[in-house]
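Morning, everyone. Please pull up the sequence and the model, and we'll walk through a few places together.

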Amino acid sequence: MKKRRLIFSIFGGLVLVFIIVTVFNLLVIKSKQPTPNPTNLVIDEGKAIDHLSQAITFKTVSYQDRSKFDFTEFDKFISFLEETYPGVHDKLELEKINEYALIFKWKGLDSSKNPIGLTSHYDVVPVLEGTEGNWEQPPFSGTVVNNQIWGRGTLDDKIGVIGILEAVEYLVNDGFEPARDMYFMFGFDEEIGGDEGALEIVNTLKSRGITFDFVLDEGGAIVENMVPGVDQPVGVVGISEKGSATAELSIEGSGGHSSQPKDQTNIGRIAGAIAKLEDTQFKGDLKGPGEDLFEYVAPEMSFAMKYVFANKIIFEPIIERILLGQPATAALIRTTIAPTIFQAGEQYNALPEKATAFINHRLMPGDSLADVKTFIEDTIEDDDIKVTITGSEASKVSSINGWEFKAIQQAARNVYNDAVIAPYLMFAGSDAKHYDSISKNTYRFLPVQITSEDLNRMHGTNEHITKDNFIQAIKFYAEIIKESNQ
């Protein structure tokens, strides 16, 4: 009896300690959001909206086949910028790289300081042939109706180019002078990798020994209902982007007539390999930018969610299991596996002599191309299947502890006062990765408040942005310029 009481006593003591520790962790968790200093910019909204509307009408389309580029449209767009932003072109130095990549330099009061760079791109993806009629407004019309601006580039990414230039034009005319040099860099082929645009801008600046404290590109946005337990909209700033790799799995062997198949065919073996990969998956691990995201949003969560994340070290296995349950959150904590192409056979009654599958992987920071190849080979356990990996590693992870990230966070809060601004891991690619080699930090943030449906419109049908969102973007760019020159 005494032994049982002792056991209950010890158990009760441990429970009490657990409660005390976990409640203490809950009580000491503090908000990481800066107090807003609401912006006082007064913008000529009608004029700015008209400028974005006009910018959309230029068909600056990027094609994988570069011979399809219509550079007369790119020339017209650059001429449009010259006519529309006289203050920018008078005060700032303009340099053209490969004729169409643009570098605007705004000389600061102290050029010995590392400069800051804002970058966007003015090329857009094509409109899929045959889908033009699905648009509520023509994709290159720039139509403004019902408080919305319509067309390709309103979200990706002429809004960035025009938003930045509107902000700079405003500040120039207002007499603002930056404390350090500012660079505004606009690519023209981001949608197909940026090799002749952003990459050549980087090569040019690198040859001059220029190093940025930070470069800010497009990326995350402010999204409602993004994080469970957080009622406010959450603005996510990409501090890294996942790598993108393609694995080619191929096998060759005798074909033959389909009436006498072997027990294992080429198609069957490749299909089996893919099934093993999907069943196994890369291990999920809440670390790096994914962990940072929840550290920033946890203080703003409802009680139950805040309690769990305040004690992440205890509940981490449960958190990871929950995150792995949805594709969007699973991608935040593991390298992903996405079979996209399967090639085999030409006739229904003939066994193919070769079968090939292509699998797209988005790599977590820390997972290399070599790691992915090893994982595939160890998982499929078939020496006859040749595995080839091509692609890019994840970008470096930028700091969230220095003034650079805090300046972006403050600028966003100055415009979107109620938003929770947090770091995250960007799944898609951008020109930002090119700037890693000449910038201490690279961040990815499109300063608009949008829905998950809007995200699907970026490369799809009915791309549009509200007037208010565009005006807020201009204000953000003005704020980040000011915050970076304190």
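One definition before we start: a residue is called buried when its relative accessible area is under 20%, and exposed when that area is over 50%. Keep in mind that this is a predicted model.

Start with strand β15, residues 420–426. How many of its 7 residues are buried? The count is 7 of the 7, so β15 is largely enclosed by the rest of the structure. Now look for its partner. Strand β8, residues 234–241, pairs with β15. The two run in the parallel sense, over 7 bridges. To find the register on screen, go to Glu241: it stands opposite Met426 in β15.

Next, a sheet of 3 strands. What is the strand order? It goes β4-β5-β17, the sheet is open, and the pairing is antiparallel. β4 (144–145) and β17 (464–466) stand at the edges. Each has a single partner strand, so one side of each is left without a neighbour in the sheet. Take the contact between β5 and β17. β5 covers residues 148–150, and 3 bridges join it to β17. Those two strands run antiparallel. One pair to click on: Gln148 has Thr466 in β17 as its bridge partner.

Last stop, the surface. Which residues gather in a patch of negative charge there? They are Glu377, Asp378, Glu381 and Asp383. Pick out Asp383. It lies in the loop between α12 (369–380) and β14 (386–392). Is Asp383 buried or exposed? Its relative accessible area is 81%, so Asp383 counts as exposed. Set that beside β15, where 7 of the 7 residues are buried.

Definitions and conventions: Residues are numbered from 1 along each chain as its sequence is written. This is a predicted model: local features need pLDDT of at least 70, side-chain atom pairs count only at pLDDT 80 or more; totals for chains, interfaces and linings use all residues. Side-chain values use heavy atoms; hydrogens and water are left out. Patches are made of residues with over 30% relative accessible area and no salt bridge: like charges are joined within 9 Å, nonpolar side chains (Val, Leu, Ile, Met, Phe, Trp, Tyr) within 5 Å. Accessible areas come from the Shrake-Rupley method with a 1.4 Å probe; for residues, only the protein chains shown count as cover. A salt bridge is a side-chain nitrogen of Lys or Arg within 4 Å of a carboxyl oxygen of Asp or Glu. Lys and Arg count as positive and Asp and Glu as negative; His and the chain ends are not counted. The place of a charge is taken as NZ of Lys, CZ of Arg, CG of Asp or CD of Glu. Helices (H or I, at least four residues) and strands (E, at least two) are DSSP runs, numbered from the N terminus. Buried means under 20% relative accessible area, exposed over 50%, partly exposed in between (1.4 Å probe, protein chains only). Two strands pair if DSSP finds at least two bridges between them.
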